[in-house]
Amino acid sequence: MSLYIGLMSGTSADGMDVALVDFSSSVHLVDALCLDYPADLRTQLRSTALAPELPVKTIMQLDRTIAARSAEAVAVLLQRNGLSKADIHAIGSHGHTLRHKSQPDGFSWQIGDPSWIAEHTGITCIADFRRRDIAAGGQGAPLVPAFHQHCLSQGGKRMVLNIGGIANLTVLPTPGTELLGFDTGPGNALMDEWCQRELNCARDEYGQMAAQGNILHERLHDWLTLPYFSKQPPKSTGRELFNLNILGDLSREHSEDVLATLTELSACSISNAVKSHGYRDGELLICGGGLHNHFLLKRIQHHLPQADIKSTEKAGIHPDWLEAMAFAWLAWRTDQHLSGNAPAVTGASGERILGGIYPA
Ligand SMILES: Nc1ncnc2c1ncn2[C@@H]1O[C@H](COP(=O)(O)OP(=O)(O)O)[C@@H](O)[C@H]1O
Ligand SMILES: [Mg+2]
């Protein structure tokens, strides 16, 4: 067995995903879980993402908290699989993004102190995967398309759509075409923010509330003119751009209508990205929490009637754990002194071995 662990805390700030992956033959997911964050940590992470200024003390405390959650998630995973630290080659930790700015003058910063993770798990921790790609002129994001290519490529018209807080699309290469991948814009982030801010609930379960609403067409039309959507890849984004503050005053609208319109914004920006850069009649494999939003999926299918839309599960990869698996894979790559970025996706000037290594 060649066991690696991947850790991922996404923009939704819902929890810490942890995946145990065996790379001894192909890519085999052994086990995975999500350690849900307590409500106060979720709230703190979400408000931190939008705060114009952050006290250093707050950052340092959160850095430690995310590291502690990471070590805890690893311990739970090891325990329930009857494994010890000696069985694991390395941990690949994404951490939690505090700030991400695309190029030019790009930067990306993830917290979750890797020294602390190495110390408290007794396992080598590889972390800070994005900044080497940025130093080489890339976006540092998305990083998952290289992993999609590694385990989901089959030479046909196939795309992978990860719907987290932000959504990212990978267009897998066919003979004669290059791998393409970029953030399409909002996934669940705006709907989640509305639910948390206005309705005191975590999310629109299965998209049920949005399904009852009417799309506010004028608003939708305005929102779709945001320059990000017409930018050519390579491109990446985050909650700095896609948060409710940029969408104007919605206080007089009915919640169901706002949710229907926010869901439609995600569905339209995703399907427009597929039409511009992918295959409208291709296979669209979906992963990430947004897969569970049935109404969002229905709207994506509505805009892409010829697409063959299904879960990545149909191609053998569990949709909830694919991103955490990608960071286990990136750790495996770095451990083998292999590059982890796809310059065609990020725009970096070349392939790079990613991350810093914090020995056990
Ligand atoms: N049953 C569900 N109904 C609607 N949305 C869901 C459901 N389950 C998960 N989600 C959405 O998925 C998000 C989490 O997805 P995830 O892939 O973990 O995103 P991230 O990588 O940004 O953390 C939640 O915040 C929520 O919006
Ligand atoms: Mg998540």
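With just 7 C-beta neighbours inside 10 Å, Asp 105 counts as exposed, because the cut-off for that label is 12 or fewer. This comes from a predicted model, and Asp 105 is a handy place to start looking around it. The residue sits in the loop between β4 and β5. Its backbone is a bit unusual too: phi is positive, at about 55°, even though Asp 105 is not a glycine. Most residues other than glycine have a negative phi, and most peptide bonds are trans.

The loop that holds Asp 105 also offers an exception of the other kind. Gln 103 and Pro 104 are joined by a cis peptide bond, with omega at about 0°. Pro 104 belongs to the loop between β4, which covers 88-101, and β5, which covers 107-111.

Another positive phi turns up at Asp 128. Here the angle is about 60°, and again the residue is not a glycine. Asp 128 is found in the loop between β6 (125-127) and α4. How exposed is Asp 128, going by its C-beta neighbours inside 10 Å? The count is 19, so Asp 128 is classed as partly exposed; the label "buried" would take 20 or more.

Moving along the chain past α4, there is another cis peptide bond to look at. This one runs from Ala 141 to Pro 142, and its omega is near -15°. Pro 142 lies in the loop between α4 (130-135) and α5 (144-152).

Methods
Residues are numbered from 1 along each chain as its sequence is written. Chains are lettered from A and ligands numbered from 1 in the order in which they are written. This is a predicted model: local features need pLDDT of at least 70, side-chain atom pairs count only at pLDDT 80 or more; totals for chains, interfaces and linings use all residues. Helices (H or I, at least four residues) and strands (E, at least two) are DSSP runs, numbered from the N terminus.
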